[in-house]
Amino acid sequence: MFYTLILENQSGEQLNLTATANQYMTSKIDGLNPPAGTISTSTYAGMDGSYLNNAFIEKRNVVISFQMRGIDIEKRRHLLYRVVKPSRYIKVFYKTAGIDVYTEGYVETCEISNFDTFTSGQISIICPDPYWYSTSAVYAYYSQVTGAFHFPFPESDTPFPLGIYSITDNIIIQNDGDETGFTIRIEASADETVPEIAAVTPTIYNADTGEYLQIKGEILKGDVITITTKTGNKTVILTRNGVDSNIINRLVSGSTWLSLREGKNTFHVQAVRGVKNLKVTLMHRNAFLGV
């Protein structure tokens, strides 16, 4: 199988471990499969069987085994040490003909045998987030006015649309990976025709499950609210006049941290007032437990 394996540190420096046979010959990669699951159960008192307490997926451990041959081995070894540093952040890119993904973690060890016939080494990376994510993001948009302006201008005098008014408040987004969190961006129009209070209490409904996420209160002209529902990174940030503030306290009781299930997901946008002044963008990266 042909593949590309690239490591990138926090400074953006990259190291291609599959460049040529005379640089880094990767012989084995562990950690591409789904990580192990941990299942906790307790026995019933005086009864057969047991009941489930909880179940979760363990962290991912990516282990890369390689050899270095040819000339300038010492130079390449020090280049490796520059990018791959124990306890430091590392991003792992993995690409084949059918998938292009990355995962993020921290270097556990970087060991190289300097005195063997062939210089070999092993890198161990601990990834607290067990998923691989697609390098390309998927977007879906909601706006009651959709642009329809195209060049060139029509040569005839027949009227043509500058925009199309949408009669649906639905957003459809496709998830080709496992169930995952995503990012919701709610942007209030800054157009001069929009009142200072552009909208009140916007709500995003999952039309398939009935779950919803609601932000209570007024949305001013030009406000941007960014909601992240990813496990381990759940946030609600208001950007107003270039200043970010945490407004997670404005989540209405009963709100759910929405997620994207496998396949097609349909969401519905509503507001107490001013939904036509809002533009909503959904963004996610396909997540995979194994690649």
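**Two nonpolar cores and a surface patch**

The largest nonpolar core in this predicted model has 28 residues, and Ile184, Ile225, Ile227, Phe267, Val280 and Leu282 have the most contacts inside it. A nonpolar core here is a set of buried Ala, Val, Leu, Ile, Met, Phe, Trp, Tyr and Cys residues joined through side-chain atoms within 4.5 Å; buried means under 20% relative accessible area, exposed over 50%, partly exposed in between (1.4 Å probe, protein chains only). Strands that each supply at least two residues of this core include E11 (138–142), E15 (183–188), E19 (224–230) and E23 (278–284). Leaving aside residues up to four places away in sequence, Ile184 touches Ile204, Ile225, Thr226, Ile227, Val280, Thr281 and Leu282, with contact meaning heavy atoms within 4.5 Å. A second, separate core of 26 residues includes Leu32, Phe66, Met68 and Cys127.

Zooming out, the chain has one helix and 24 strands (DSSP runs, H or I of at least four residues for helices, E of at least two for strands, numbered from the N terminus). Of its 291 residues, 37% count as buried. Among contacts between residues at least 6 apart in sequence, 66% join residues at least 24 apart.

On the outside, Tyr44, Met47 and Tyr51 make up a nonpolar surface patch. Tyr51, which lies in strand E5 (residues 50–57), is partly exposed, with a relative accessible area of 36%.

As for conventions, residues are numbered from 1 along each chain as its sequence is written. Local features need pLDDT of at least 70 and side-chain atom pairs count only at pLDDT 80 or more, while totals for chains, interfaces and linings use all residues, and side-chain values use heavy atoms, leaving out hydrogens and water.

Key:
Patches are made of residues with over 30% relative accessible area and no salt bridge: like charges are joined within 9 Å, nonpolar side chains (Val, Leu, Ile, Met, Phe, Trp, Tyr) within 5 Å. Accessible areas come from the Shrake-Rupley method with a 1.4 Å probe; for residues, only the protein chains shown count as cover. A salt bridge is a side-chain nitrogen of Lys or Arg within 4 Å of a carboxyl oxygen of Asp or Glu.
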